[in-house]
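Here is a small set of exercises to work through with the model open beside you. Try each task before you read its solution.

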Amino acid sequence: MVDVAQNLYEEMISNGIEPNLVTLNSIINILCKQGKVQEAMVILSRIFQSAMKPDVFTYTSLILGHCKNNDLDSAFKVFGRMTKVGCDPNSVTYSALINGLSNEGRVDEALGMLGEMTEKGIAPTVYTYTVLLSNLCQVNRVKDVSHLFADMKKRDCWPNEHTYAALISGFYQSGNMEVATGLYHKMLIDGLVPNTVTYNILINELCKGRKFVPALKIFDWMTKRGSLPNIITYNEIINGFCKEGFTDKAMVLFNKMLKVGPAPTLITYNTLVNGYCQQGSMENARRLMDLMKGNGCEPDAWTSTELISGYCKWGKLGLATSVYNEMLDRGLTPNQVAYTALIDGHCKDGKVDFALSLIERMEEKGCYPDMQTCNAMLNGLSKEKRYAEAEELLGKMEEKGLLPNVVTYSTLVDGLYQAFSLLKRMMSVDCKPNYRTYRVLMKGLQKEHLLVENCADAPSLTEKDITFDLVSRLLVRMSENGCEPTVETYSTLVRGLCREGRTLEADNLVENMVRKGLSPNEEIYNSLLIAYCRDLKVDPALEILNVMASRGYEPTLVIYRDLIGALCKADKVEEARGLFENILLGQWSPDVIVWIILIDGLLKEEKSDVCAKFFHIMESRNCTLSSQTCLILTGELSKGDKSIETDCVADGLD
């Protein structure tokens, strides 16, 4: 398009035809949309030479071009120039600047520009609001989104499908899945039909969050509504099926694509190959590779990498090596993932020397090991008790700028005799140990104890083997080796113990830290509270809640949901009611309270009667809910006990 415009312009000049301002503006606009501002400036000089004056379209195009090139300083210089010569900016001018500021993360300045344009009586467009709303969502400024959305409607500027698509995507990316899903339903209620882009955003984000069932429902919905899925939609759903281990279901969709389209792409095939490899169905993975060749889709380096990784994972090193050699014969270059899989596989098979030779080979090919590659090699060397070589490799890693991570140190701690010295080294470089690190150390202490007791073979450490005595020995040994346990140490251990159901040991550990003069942090209290709720230990859970309140800690609504659920299961509905009433006194959004506590909590636990009572409490407190939340709640209540009256909820829609 740019070349055509430039050629046409040159042809006009060579034929003695003097282009008017409209023509010159069109060329400037075409160039600026491609970021070719310097070329556009040549056309601008022609405007001045012809005694014409640039207008708002000219200046706005130049601003757009500078914003396209992320050159906001130049964009604002043009903006200043146009206002200085008396050329008033319009909504498109401001929208271009607002978009440019937002893309650079300068959201507050963008909001300032919005205020400036409204003060001048220039009405923002749907596009102006959409850009700002999208960026506010991405930085999780939910209140600002709410205010801006309300301001948009107040100005009689109604959101379109692109606005909703931006909001849905932004809220999903910032982790507010409930809000994003609610917006999707509101979009339908407002009579807006989502386009394929919106559906793809929903499906993509739901699959990423492993919310596979609702993703599939949306996929079915869009096909019924006549919105034909495109290749992106199919690939997202197939990827979701494969991640959940439902490769056979993914193949049903794949066959549909072969019959009616769209045609599978390289991404489709590679996703399915990976799905079969993860399941261990290596024969099917290989057959699929042959099928893609037959369908005219040539396998790439990633196809072979998936097969190599799969064969190595399932202990078929010979076949993995064959695929590696095939790659070389086809002129494909193995990547880090392929080499790492081969190195890891050979290390686990005890072929450490061959794995070392693979590292040399990959470096010769210009493919350098990453942290994962080195961790696999360190694991092999440690298992073979080749500690000196492991230390040497660790030194080389650091020289090359590869900083050891928690996996590196945990691997070495598991193999090296000087485990606590290594822990000290790990903590000195601010690499925080995780629960696995401490489990490995406890495993070593257990082996040490068994050897003293003349037990030759030390079994693997399981959850039931982790006693308070063993944890205490770990803490003592850490102190003896200059790794004084901190609040963070206790927090990591308490969280891990609670996750494994060892609440007694977690309790004793908290008492131990208090005796040592350390105060439990919010994470410790949250871990205990979650564990107590899971085990229906509601009295100690309420005690923890009171302690948290006295220290200024506020549990999340999800934790409140779990505690209310536990109280109801323990037939302590009045206590649950009192807790719910206290929640209403807080700063929580009424909509979010309904979504998390009533719908995701009580209704999923089949406590429809309690849910209805709690809703009445909200109603009596004049808690204002959106019409969308009322609709969702009415629908969910009607699925449960049919005797529950839903009229009270429906009243909120009026």
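**Exercise 1. Confidence**

Over which residues does pLDDT stay under 50, and how many contacts beyond four places in sequence does the model have for them?

*Solution.* Start with the ground rules. This is a predicted model, in which local features need pLDDT of at least 70 and side-chain atom pairs count only at pLDDT 80 or more, while totals for chains, interfaces and linings use all residues. Residues are numbered from 1 along each chain as its sequence is written, and side-chain values use heavy atoms, with hydrogens and water left out.

Step 1: recall that pLDDT is the predictor's confidence in each residue, from 0 to 100, and that a contact means heavy atoms within 4.5 Å.

Step 2: scan for low values. Residues 451-458 stay under 50, and the model has four contacts for them beyond four places in sequence. The pLDDT is also below 50 over residues 642-654, a stretch with 20 contacts beyond near neighbours in sequence.

Step 3: set this against the chain. Its mean pLDDT is 82, with 89% of residues at 70 or more. Confidence is lowest in helix H37 (residues 647-651), at a mean of 44, and highest in helix H30 (residues 522-534), at 93.

**Exercise 2. The overall fold**

Describe the chain by its secondary structure, burial and contacts.

*Solution.* Step 1: count the elements, taking helices (H or I, at least four residues) and strands (E, at least two) as DSSP runs numbered from the N terminus. The chain comes to 37 helices and zero strands.

Step 2: look at burial, where buried means under 20% relative accessible area, exposed over 50%, and partly exposed in between (1.4 Å probe, protein chains only). Of the 654 residues in the chain, 46% are buried.

Step 3: check the range of the contacts. Among those between residues at least 6 apart in sequence, 60% join residues at least 24 apart.

**Exercise 3. One helix and its surroundings**

Is helix H8 mostly covered or uncovered, and what covers its buried residues?

*Solution.* Step 1: get the geometry. H8 spans residues 126-138, 13 in number, and reaches 18 Å from its first C-alpha to its last, close to the 18 Å expected at 1.5 Å a residue. That expected span is 1.5 Å times one less than the number of residues.

Step 2: count the burial. Ten of the 13 residues are buried, and H8 is mostly covered. Among them are Tyr-129, Leu-132, Leu-136 and Cys-137.

Step 3: find the cover. It includes helix H6 (91-103), helix H7 (107-119), H9 and H10.

Step 4: look just past the end of H8, where Asn-140 takes a positive phi of about 60°.

**Exercise 4. Aromatic pairs**

How many aromatic pairs does a search of the whole structure find?

*Solution.* Step 1: set the criteria. Rings of Phe, Tyr and Trp (its six-membered ring) pair if their centres lie within 6.5 Å; planes under 30 degrees apart count as stacked, over 60 as edge-to-face and the rest as tilted. The search finds eight pairs.

Step 2: classify one. The ring centres of Phe-149 and Tyr-164 are 6.3 Å apart with planes at 75°, so this pair is edge-to-face. Phe-149 belongs to helix H9 (residues 142-154) and Tyr-164 to helix H10 (residues 161-173), 15 residues apart. Phe-149 and Tyr-164 are both buried.

Step 3: classify another. Phe-580 and Phe-614 are stacked, at 4.6 Å centre to centre and 15° between the planes. Because Phe-580 lies in helix H33 (residues 573-584) and Phe-614 in helix H35 (residues 608-620), the pair ties together parts 34 residues apart in sequence. Phe-580 and Phe-614 are buried as well.

Step 4: look for a cluster. Ring pairs link Phe-76, Phe-79 and Tyr-94 into one.

**Exercise 5. Backbone details in loops**

Which peptide bond is cis, and where does Asp-571 lie?

*Solution.* Step 1: check omega. A cis peptide bond, with omega about -5°, joins Gly-261 and Pro-262. Pro-262 sits in the loop between helix H15 (247-260) and helix H16 (266-279).

Step 2: check phi. Asp-571 has a positive phi of about 60° although it is not a glycine. Asp-571 lies in the loop between helix H32 (557-569) and H33, and counts as exposed at 69% relative accessibility.
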